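Visitor: Could you take me through one part of this model in close detail? I would like to follow the strand pairing residue by residue where you can.

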Amino acid sequence: MIKHAAMTAIMAALFLPACNGGQEYTPTPKRHAYPRIALLPQEYIAADSLPLHFEVNSHALTHVEAKEQGAWLTVGYPKYNSNVYITLTPVTDGNIQKIINNRLERISLNTGNGHTSTAYIESKDGFSGQIIYSMPGEALPIQFLVSDGSRWVVSGVVEMANRQADADSVSPITDALRQDIEHSLSTISHNGNNKPAAR
């Protein structure tokens, strides 16, 4: 009986490696899972104290800093560990092209040699320009530049603090920010009032 049990154990030891193609089994750790983040509702209001009508997500935090000409607007998303930094710059016929070229150069430097895609956008009030998307997981996944062609240049960038996270885990956040920015730029206008936007 003991001899029979020993033979069975030996045969099993010889048979199992053969089932694995003769290769030694190496355990593979499971991919780290990131918790699903509940996205903010897409509800918008006009940001206060700006020279232009600029709608932002009503659940985000906003901070406006007036400068000698124009303004800086920061739209904070603590839930996403992300901020959108926006510059509103008044221009003239004499300096508009120089300012646009400066902003485009900055965008190019920020993207480096990384893969990007570009979408073109315009508002009903005559603003038009482009949104530049980098690969998910980049520190600056979204940048944008729009102008009315004569009076204003509006540029901005999304900065994500959790850029080291897995790209799949931040893609929903990047998509949510993209939709907010597309809304902001498609509704921008010269009417710098502070009335709530239509939801």
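Guide: Happy to! Let's start with a single pair: Q130 has L145 as its bridge partner in β8. Please keep in mind that this is a predicted model. The strand β8 covers residues 142-147, and six bridges join β8 to β7, with the two strands running antiparallel.

Now turn to the other pairing of β7. Strand β6, residues 116-122, pairs with β7 in the antiparallel sense, here over seven bridges. To place yourself in this pairing, look for A119, which stands opposite I131 in β7. The link between these strands is also worth a look: β6 and β7 make a hairpin with five residues between them. In that turn you will find G126, whose phi is positive, at about 95°.

What does this add up to for β7 itself? The strand spans residues 128-134, and five of its seven residues are buried, so β7 is largely enclosed by the rest of the structure.

For a view of another strand, move to S82, which belongs to β5, the strand of residues 82-90. S82 is buried because its relative accessible area is 2%, and the cut-off for that word is under 20%. Its side chain reaches the backbone oxygen of Y80 at 2.9 Å. Setting aside neighbours within four places in sequence, S82 is in contact with V75, G76 and Y77, with E159 and M160, and with I173 and L177.

Conventions. Residues numbered from 1 in each chain as written. Predicted model: local features only at pLDDT ≥ 70, side-chain atom pairs only at ≥ 80, totals over all residues. Heavy atoms only, no water. Helix = DSSP H or I, 4+ residues; strand = E, 2+ residues; numbered from the N terminus. Buried < 20%, exposed > 50% of the residue type's maximum accessible area, 1.4 Å probe, protein only. Polar contact = N/O pair within 3.5 Å; in protein donor to acceptor, adjacent residues only side chain to side chain. Contact = heavy atoms within 4.5 Å. Pairing = 2+ DSSP bridges.
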